[in-house]
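Please look over the sequence and the structure shown here before reading on. The report is written for someone meeting this structure for the first time.

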Amino acid sequence: MNYRHAFHAGNFADCMKHALLVWLLRALARKPAGFCVLDTHAGTGRYDLSGGPAERTGEWRGGIGRLLDDPPPALADYVGLVRQCGLYPGSPVLARALLRPQDRLVCCELHPEDHAALHRLFAHDRQVAVHRRDAWEALGALLPPAERRGLVLIDPPYEAEDEYERLADGLRRGHARFRTGVFAAWYPVKHRAPVRALDTALRESGIRDVVAAQLDLREPLDPARLNGCGLLVVTPPWRFEAEAPALLHALLDRLGTGEAGAGCRVERLVAE
C-alpha cells in the first residue's frame, strides 16, 4: 500500500516491461476477435518525468531518457507509443493505446490516491473499467473474461517478503481460471536466490508453456539494489521466444553501463 511507482517511472525496468508488453499486445491483435487486458497493479496510468517523484529520483534518465532520441529499430514501436501518449505512459495507458474497438481494459489499483488518479484518467472511457481492489483477489474475481482471449499483467511492488510466493500462487490460481490467456508477470532481480525459487515454483506448479525473459544490468549480487528484472510469460504468443531477444539486446546495448555480469536471456521454463 505504501509503494508509489511514480518514483521509478520510466526507469530501465519500466522500459523492459513495457517494450515486451507492447509486443505481446501487438501479437494478440493479429487475430480479429476481441481481447481483454487485466492490469492487476495499474498505478496512476501516466507520469510526469519533469517534476515530482520521478524528477527527485532521476531513475528515468537511465531508462527512457536514453531511448527517446534515435531509438534502436527493435524498440521503435514502444518508443513511438511513449511519444504519442505524452507524459510517460504506465501499462494502462500503453494498453489503452493499442486497444481496438472490440477490445477492453480492466485496471485494478489498491492505493487510494493512485486509484483516484487512474479513475479520473479513464472516467469517460467505455472500453476501460477501473477497480479499487486487491490484485490477488481480482485474479479470482475477474477471470475468465467474457472474451476468453486476453492478457493478464501482474506487476507487484515486492514490498512484502512473500511477494514471490504470492506471485507463483496467483499465477496458479489465475491460470486455472483462464487457461487460454496470456499471463505476463514482472519480477525484480536483486540477487539470485529468489529468482531461482520462483523459477522452481513455476516448474512445479503444473502450469504448462512458461517462458522467462530477463535483463540484468550487472551481476545480481547486491540484495539492496535493483540489478535487473524479468518477465514471466505464460502461454506466450507465437514467435515470442524468437523475437523477444532482439528487444532485450537493444535495451542492454542502450541502457547497460558495461558492468560485470550484464546480460539477457529468454529461457523456456516449462514446455508447452
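What follows is an account of a helix and its core, of charged pairs, and of several individual residues.

## A helix and the core around it

The model is a predicted one, and the values below should be read with that in mind. A good place to begin is helix α1, which covers residues 12–28 and therefore has 17 residues, with 25 Å from its first C-alpha to its last, close to the 24 Å expected at 1.5 Å a residue. Of the 17 residues of α1, 16 are buried, so this helix is largely enclosed by the rest of the structure.

The largest nonpolar core has 91 residues, and those with the most contacts inside it are Tyr 78, Leu 171 and Leu 232. Helix α1 gives the most to this core, contributing 13 residues. One of the residues just named, Tyr 78, touches Asp 14, Cys 15, His 18, Ala 19, Val 22, Ile 64, Leu 67 and Tyr 88, when residues up to four places away in sequence are not counted.

## Charged pairs

Side chains of opposite charge can pair when their charged atoms come close. In this model the count comes to 19 salt bridges, and the table sets out three of them.

| Salt bridge | Distance (N to O) | Separation in sequence |
|---|---|---|
| Asp 77 and Arg 26 | 2.8 Å | 51 residues |
| Glu 147 and Arg 104 | 2.5 Å | 43 residues |
| Asp 209 and Arg 268 | 2.9 Å | 59 residues |

The side chains of Asp 77 and Arg 26 meet in a salt bridge. Because Asp 77 lies in helix α3 (residues 76–85) and Arg 26 in helix α1, this pair ties together parts that are 51 residues apart in sequence. Asp 77 is partly exposed, with a relative accessible area of 33%, and Arg 26 is also partly exposed, at 40%.

Glu 147 and Arg 104 likewise meet through their side chains in a salt bridge. This pair links distant parts of the chain, since Glu 147 is in the loop between α6 and β6 while Arg 104 is in strand β4 (residues 104–108). Glu 147 is partly exposed at a relative accessible area of 23%, and Arg 104 counts as partly exposed at 31%.

In the salt bridge between Asp 209 and Arg 268, distant parts of the chain are again linked, with Asp 209 in the loop between α8 (192–203) and β8, and Arg 268 in strand β10 (residues 263–270). Here Asp 209 is buried, with a relative accessible area of 12%, whereas Arg 268 is partly exposed, with 26%. Elsewhere, salt bridges that share partners join Asp 199, Arg 203, Arg 265 and Glu 267 into one network.

## A buried acid without a salt bridge

Asp 216 is in strand β8, which covers residues 210–216. Which side chain of opposite charge is nearest to Asp 216, and how far away is it? The nearest is Arg 265, 5.8 Å away, and Asp 216 is buried yet has no salt bridge; a salt bridge requires the nitrogen and oxygen to be within 4 Å. The side chain of Asp 216 does make a polar contact with the side chain of Gln 214, at 3.1 Å. Leaving aside neighbours within four places in sequence, Asp 216 is in contact with residues including Val 189, Asn 227, Cys 229, Leu 252 and Ala 262.

## Backbone and loop details

A cis peptide bond, with omega about 0 degrees, joins Leu 143 and Pro 144. Pro 144 is placed in the loop between α6 (135–141) and β6 (150–154).

Tyr 158, found in the loop between β6 and α7 (163–177), has a phi near 60 degrees, a positive value in a residue other than glycine. At 13% relative accessibility, Tyr 158 counts as buried. Thr 235, which is not a glycine either, has a positive phi of about 55 degrees and is found in the loop between β9 (228–234) and α9 (240–255). At 22% relative accessibility, Thr 235 counts as partly exposed.

Finally, Thr 257 lies in the loop between α9 and β10 and counts as partly exposed at 47% relative accessibility. The C-alpha atoms of Thr 257 and Gly 62 are separated by 9.4 Å, although these residues are 195 residues apart along the chain. A polar contact of 3.0 Å joins the side chains of Thr 257 and Glu 259.

Terms used:
Residues numbered from 1 in each chain as written. Predicted model: local features only at pLDDT ≥ 70, side-chain atom pairs only at ≥ 80, totals over all residues. Heavy atoms only, no water. Helix = DSSP H or I, 4+ residues; strand = E, 2+ residues; numbered from the N terminus. Buried < 20%, exposed > 50% of the residue type's maximum accessible area, 1.4 Å probe, protein only. Lys, Arg positive; Asp, Glu negative; His and termini not counted. Polar contact = N/O pair within 3.5 Å; in protein donor to acceptor, adjacent residues only side chain to side chain. Contact = heavy atoms within 4.5 Å. Core = buried A, V, L, I, M, F, W, Y, C linked by side-chain atoms within 4.5 Å.
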